[in-house]
Amino acid sequence: MRNRRRRGYKFTEKTHSKRGIAATVAATVLLLWYLAFIGLSFRAEGKLSAYFGSAGVMAMLLTFGVLFLAAGSLREEDSFQLFPRLGLGLSILAMVCWIGTYVCGFIL
């Protein structure tokens, strides 16, 4: 017991959550998608076609799906919580960005 504490490792059966990793990757892609759309919008001075608007609405809706995926991955037993928490945080950030942009668009 004393030897194990000194080395600082412990054997465990935990694994990384596949749904948590998927949620993290999807949230990262949605954030990159958001940044690309913001860049395109600035370059076109806000005069993009309706196709870009539709793709943005679709990305905002996908963000809700990723949020539910990340929240569901938090409930998995015997898994590390790094990727589910990271996926949840990134999906909340993406949701705030997309919704904030649309709210500012309606107000201004």
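**Pocket, core and long-range contacts**

The largest pocket is lined by 14 residues, and those nearest its centre are Ser 41, Leu 48, Gly 53, Thr 101 and Tyr 102. The model is a predicted one. Helices H2, H3 and H4 are the elements that each give two or more residues to the lining of this pocket. The volume of the largest pocket is about 360 Å³. By class, its lining holds seven nonpolar and seven polar residues. Charged residues are absent from the lining.

Thr 101, one of the residues nearest the pocket centre, is found in helix H4. Its relative accessible area is 30%, so Thr 101 counts as partly exposed, the class between under 20% and over 50%. Beyond residues up to four places away in sequence, Thr 101 touches Tyr 34 and Ile 38. Thr 101 and Ile 38 are 63 residues apart in sequence. Their C-alpha atoms are 9.2 Å apart in space.

The protein chain comes to four helices and two strands. Along the sequence these elements follow the pattern α-β-α-α-β-α. The chain has 108 residues, and 24% of them count as buried. Among contacts between residues at least 6 apart in sequence, 79% join residues at least 24 apart.

The nonpolar interior was examined next. The largest nonpolar core has 13 residues. Val 66 and Trp 98 have the most contacts inside this core. The elements that give two or more residues to the core are H2, H3 and helix H4, which spans residues 82–107. H2 gives the most, with six residues. H2, H3 and H4 thus appear in two lists: they each give two or more residues to the core, and they each give two or more to the lining of the largest pocket.

Val 66 touches Ala 23, Ala 26, Ala 27, Leu 30 and Ser 91, with residues up to four places away in sequence not counted. Ser 91 also serves as a reference point for Phe 68. Phe 68 lies in helix H3. The C-alpha atoms of Phe 68 and Ser 91 are separated by 9.3 Å. Along the chain the two residues are 23 apart. Phe 68 is exposed, with a relative accessible area of 63%.

The structure holds one salt bridge. Arg 19 forms this salt bridge with Glu 76, and the closest N and O atoms are 3.1 Å apart. Arg 19 lies in helix H2 (residues 18–43), and Glu 76 lies in the loop between helix H3 (50–73) and strand S2 (79–80), so the pair ties together parts that are 57 residues apart in sequence. Both partners are partly exposed: Arg 19 has a relative accessibility of 37%, and Glu 76 has a relative accessible area of 25%.

Arg 19 also takes part in contacts with Ser 73. Ser 73 is found in helix H3. Its relative accessible area is 0%, so Ser 73 is buried, a class that requires under 20%. Leaving out residues up to four places away in sequence, Ser 73 touches Ser 17, Arg 19, Gly 20 and Pro 84.

Two loop residues complete the description. Lys 14 sits in the loop between helix H1 (2–7) and strand S1 (15–16). Lys 14 is partly exposed at 41% relative accessibility. Outside its neighbours within four places in sequence, Lys 14 is in contact with Asp 78, Ser 79 and Phe 80. Lys 14 and Asp 78 are 64 residues apart along the chain. A distance of 4.8 Å separates their C-alpha atoms.

Glu 45 is placed in the loop between H2 and H3. Glu 45 has a positive phi of about 55°, although it is not a glycine. Its relative accessible area is 65%, so Glu 45 counts as exposed, being over 50%.

Technical notes
Residues numbered from 1 in each chain as written. Predicted model: local features only at pLDDT ≥ 70, side-chain atom pairs only at ≥ 80, totals over all residues. Heavy atoms only, no water. Salt bridge = Lys/Arg side-chain N within 4 Å of Asp/Glu carboxyl O. Buried < 20%, exposed > 50% of the residue type's maximum accessible area, 1.4 Å probe, protein only. Core = buried A, V, L, I, M, F, W, Y, C linked by side-chain atoms within 4.5 Å. Contact = heavy atoms within 4.5 Å. 1 Å grid on protein atoms, 1.4 Å probe; cavity = no way out; pocket = protein on both sides within 12 Å on 5 of 7 lines; lining within 4 Å. Points joined across faces, edges and corners; volume = space filled by probe spheres on them. Nonpolar A, V, L, I, M, F, W, Y, C, P; charged D, E, K, R; others polar.
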